Amino acid sequence: MIDRYTLPSISELSSRLAFANRYLGVLTTVAAAQGHDETVRKLATLEPDVSAWEAYEQIHRHETAGFIEWVRDSVGTPHRDHVYIGLTSSDLQDTAEAMYWKEVWTQVLEPLIEQLRTRYLHRITDEPQSVRVGRTHGRSTQLAVPVNELYGRATRNLLETGDRLRGVALRANLSGPVGSFSSFLSYYDATVVARGLGLELDNFSTQTADRHAMAEIAMQLVQLVGIAEQVATTQRLASISGVDEFVEDHLDNHQIGSSSMPHKVNPIKSEQVCGLARVARGHLTAILETAHTQWWERDLTNSSVERLAWRDLIGLTAYILNVMLHAPMTWKPKRPGNFEESTFYQYNQAIQTGCHSRDAYRGLK
């Protein structure tokens, strides 16, 4: 993630400290399900130490093993023997990832979707008479069409995409070293753990998380990005010279650079959204390849993709929605100009007065 294109809330949820807390939550809930009550109380006293974790990682050359060894050394004997029993690094990471997605969805993305929908609904209600010149294949028809149909479609699509995302969940992956659970962490125990973490248990994990579900979420995130991009694209096209129907007000009088010149006033935010949308779709490609080519047992081809493409796609989606939430939406009050300049207008009027389409077409100047 690049800080410039990441909301502070996403940065916080994606940080190592946040994942350390999730890892501790999984370890504590597993120990409780296994009946190690004293160890649970000891784990509850731990404060995650990212620097110490990174130092252990350097020693053991393994991210998750480094964390586990730090926890075990921190709780000491005899509790160290009751930590991480019956789990694998994939169990810990995949379950924490499911927790991460649930937090991102409920705390950031779902509220952003609803706020953007509300903004577009207000735009439709507050300025119902706004119009722009209708076009077909990029050519002016000199007929007025409502601006708000653009935002109306976006409002509907945001609602439908949000509903789809709400129906997809990442599950807890707790099936152990060979994917069949164990005497250390039985299917029943794993179900209790998943419920304690607020997740559904993956009954068919085969040692790996269900990346088909992750790919479905990624697809819908790209759909959200696309909804924003379509609005931004229309706004960009409406702001070009000769059209001049849209202006993205630059409210900061201290802004400098060519984009702030009075004769330009570039739609900076709309342009930024359209550029970042391309990056988001690139991340989707990597996530789809990971989802559909992984082995049915554990391997390491997925973790690097998820630390980069998956997290970055989430961050970009939140950032783009936030940009569209706060970007200006100023349409200039402009009525159609010279009707005689548009052959489409002449054609359309001839059709409306009863002329056969073939004759109207031949009669155009």
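Helices here are DSSP runs (H or I) of at least four residues, numbered from the N terminus. With that in hand, welcome to a short tour of a predicted model.

**Figure 1. F67 sits in helix α5.**
This close-up looks at a single aromatic residue and its surroundings. Is F67 buried or exposed? Its relative accessibility is 1%, and because buried means under 20%, F67 counts as buried. Beyond its neighbours within four places in sequence, F67 is in contact with A20, Y23, L24, L27 and W53. You can also look for A55, which is 12 residues from F67 along the chain; the C-alpha atoms of the two are separated by 9.4 Å.

**Figure 2. The largest nonpolar core has 92 residues.**
In soluble globular proteins, nonpolar side chains tend to be buried together. Which residues have the most contacts inside this core? They are L27, F67, V71, W101, Y120, L221 and W310. Helix α6 gives the most to the core, with 14 residues. L27 is a good place to pause: leaving aside residues within four places in sequence, L27 is in contact with L43, F67, I68, V71, V83, Y84, L87 and L92. F67, from the previous view, is one of these partners.

**Figure 3. R123 is a buried arginine in helix α6.**
Helix α6 covers residues 89–126. R123 has a relative accessible area of 4%, so this residue counts as buried. What does R123 touch, not counting residues up to four places away in sequence? The answer is S130, V147, N148, Y151, M329 and W331.

**Figure 4. E38 and R41 meet in a salt bridge within one helix.**
Side chains of opposite charge can pair when their charged atoms come close. For E38 and R41, the N to O distance is 2.5 Å. Both residues lie in helix α3, which spans residues 37–43. They are 3 residues apart, about one turn of the helix. How many salt bridges does the structure hold? There are 19.

**Figure 5. A salt bridge joins E63 and R307.**
The closest N and O atoms of this pair are 2.8 Å apart. The pair links distant parts of the chain: E63 belongs to helix α5 (residues 63–75) and R307 to helix α11, 244 residues apart. With 31% relative accessibility, R307 counts as partly exposed.

**Figure 6. R135 forms a salt bridge with E245.**
Here the closest N and O atoms are 3.5 Å apart. This pair, too, links distant parts of the chain, with the two positions 110 residues apart. R135 is in strand β1 (residues 131–136), while E245 is in the loop between α9 and β3 (246–247). R135 counts as partly exposed, at 34% relative accessibility, whereas E245 is buried, with a relative accessible area of 2%. Elsewhere, salt bridges that share partners join R16, E54, E57, E63 and R307 into one network.

**Figure 7. The structure holds 1 cavity of 30 Å³ or more.**
The volume of this cavity is about 30 Å³. Which residues line the cavity? Look for R211, M214, A215, I287, T290, A291, V305 and E306. Helices α9 (211–238), α10 (268–293) and α11 (303–326) each give two or more residues to this lining. By class, the lining has 5 nonpolar, 1 polar and 2 charged residues.

Methods. Residues are numbered from 1 along each chain as its sequence is written. This is a predicted model: local features need pLDDT of at least 70, side-chain atom pairs count only at pLDDT 80 or more; totals for chains, interfaces and linings use all residues. Side-chain values use heavy atoms; hydrogens and water are left out. On a 1 Å grid over the protein atoms alone, a cavity is a set of points where a 1.4 Å probe fits but cannot get out, and a pocket is an open set with protein on both sides within 12 Å along at least five of seven lines; lining residues have an atom within 4 Å of a point. Grid points are joined across faces, edges and corners, and a volume is the space filled by probe spheres set on the points. Ala, Val, Leu, Ile, Met, Phe, Trp, Tyr, Cys and Pro count as nonpolar, Asp, Glu, Lys and Arg as charged, and the others, Gly among them, as polar. A salt bridge is a side-chain nitrogen of Lys or Arg within 4 Å of a carboxyl oxygen of Asp or Glu. Buried means under 20% relative accessible area, exposed over 50%, partly exposed in between (1.4 Å probe, protein chains only). Contact means heavy atoms within 4.5 Å. A nonpolar core is a set of buried Ala, Val, Leu, Ile, Met, Phe, Trp, Tyr and Cys residues joined through side-chain atoms within 4.5 Å.
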